[in-house]
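Please find below my notes on the fold, set out as numbered points for discussion. I have kept to what can be read from the model itself.

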Amino acid sequence: MMKRKATNLLRMLCTVLLCHLMASPLMANGDEYVIKNGERTLYGVLSKPHYQGKRQGIVILAHGFAGTHHFGYRYFDALNALGYQAYTFDFPYGSPFSTLEKNTMNMSVLDQQADLEAVVEHFRKQEQVDPKKIVVLGESQGGLVAALTAASIGKKISKLVLVYPAFCIPYHWRAKYPNLSDIQDTTRLWRVPMGRRYFEEIHSMDAFESAKKYKKPVLIVHG
């Protein structure tokens, strides 16, 4: 019965999200919200439904390669309508268009995983957030990061939504750079420069095996 309820919720979430994705403008309906992860500053925007004196679930949104927190604005109305808060943020060094740290030569999938884990932990401690209803939604590279995060701290995440998750990233770049010694000091993708560390860290990564560690409800959206 519990599994059926979880499946129905994910289906409803998918339907509402897809409808609002087509209709919602790229404008924020929320407030600036900054979270610290050690020396890293995560700039984001938090959108809340009307507070009714009880803890609410939250969906944490992870953008894709060279994206920014702006992508998450499309989800705000849909998630608020379902009674969820929504938080979208920039991964430091994740895009040349980031609000704060723009140097993509420092981009790292593992750093982004650590950032997402820090965001989950932050909201688990917030008075208005129900720690049993924390959902992570990741898009493209953010989907890979979300899956790695869920595999790492699965007990703290109630559901996982992956929007065309880029599990292909490690495999694609292993084909490009079969040996670590093949990796160039600077690699450009879509004119975005990245340093050696990005590729060294994912060289031996098996995204599919890692993702299997997460045992709770998962919705994967492609199309």
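**Notes on the model**

1. Helix 2 (residues 73-81) lies across strand 2, strand 3, strand 4 (84-89), strand 5 and strand 6 (159-163), and runs at about 170° to strand 4. Helix 3 (residues 109-124) also packs on the sheet, where it touches strand 1, strand 2, strand 3, strand 4 and strand 5, its direction making about 115° with that of strand 1. Contact here means heavy atoms within 4.5 Å, and the axes are lines fitted to C-alpha atoms, for helices over the stretch in contact, with angles from 0 to 180 degrees between N-to-C directions.

2. This is a predicted model, in which local features need pLDDT of at least 70 and side-chain atom pairs count only at pLDDT 80 or more, while totals for chains, interfaces and linings use all residues. Residues are numbered from 1 along each chain as its sequence is written, and side-chain values use heavy atoms, with hydrogens and water left out.

3. The protein has seven helices and nine strands, taken as DSSP runs numbered from the N terminus (helices H or I, at least four residues; strands E, at least two). Of its 223 residues, 50% are buried, that is, under 20% relative accessible area with a 1.4 Å probe, protein chains only. Among contacts with a separation of 6 or more, 73% join residues 24 or more positions apart.

4. An open sheet of seven strands follows the order 1-2-4-3-5-6-9 with mixed pairing, two strands being paired if DSSP finds at least two bridges between them. Strand 1 and strand 9 (218-221) stand at the edges with a single partner strand each, so one side of each is left without a neighbour in the sheet. From one strand to the next, the twist averages 25°.

5. Strand 1 (residues 31-37) and strand 2 (residues 40-47) run antiparallel and are joined by seven bridges, with valine 34 partnered by tyrosine 43 of strand 2. They form a hairpin with two residues between them, and glycine 38 in the turn has a positive phi of about 65°. By contrast, strand 3 (residues 56-62) pairs with strand 5 in the parallel sense over six bridges, and isoleucine 60 has valine 136 of strand 5 as its bridge partner.

6. Aspartate 130, in strand 5 (residues 129-139), deserves a look: which side chain of opposite charge is nearest to aspartate 130? Lysine 133 is, at 5.2 Å, and the buried aspartate 130 has no salt bridge, a salt bridge being a side-chain nitrogen of Lys or Arg within 4 Å of a carboxyl oxygen of Asp or Glu. Not counting residues up to four places away in sequence, aspartate 130 touches Arg55, Gln56 and Gly57.

Definitions and conventions: Lys and Arg count as positive and Asp and Glu as negative; His and the chain ends are not counted.
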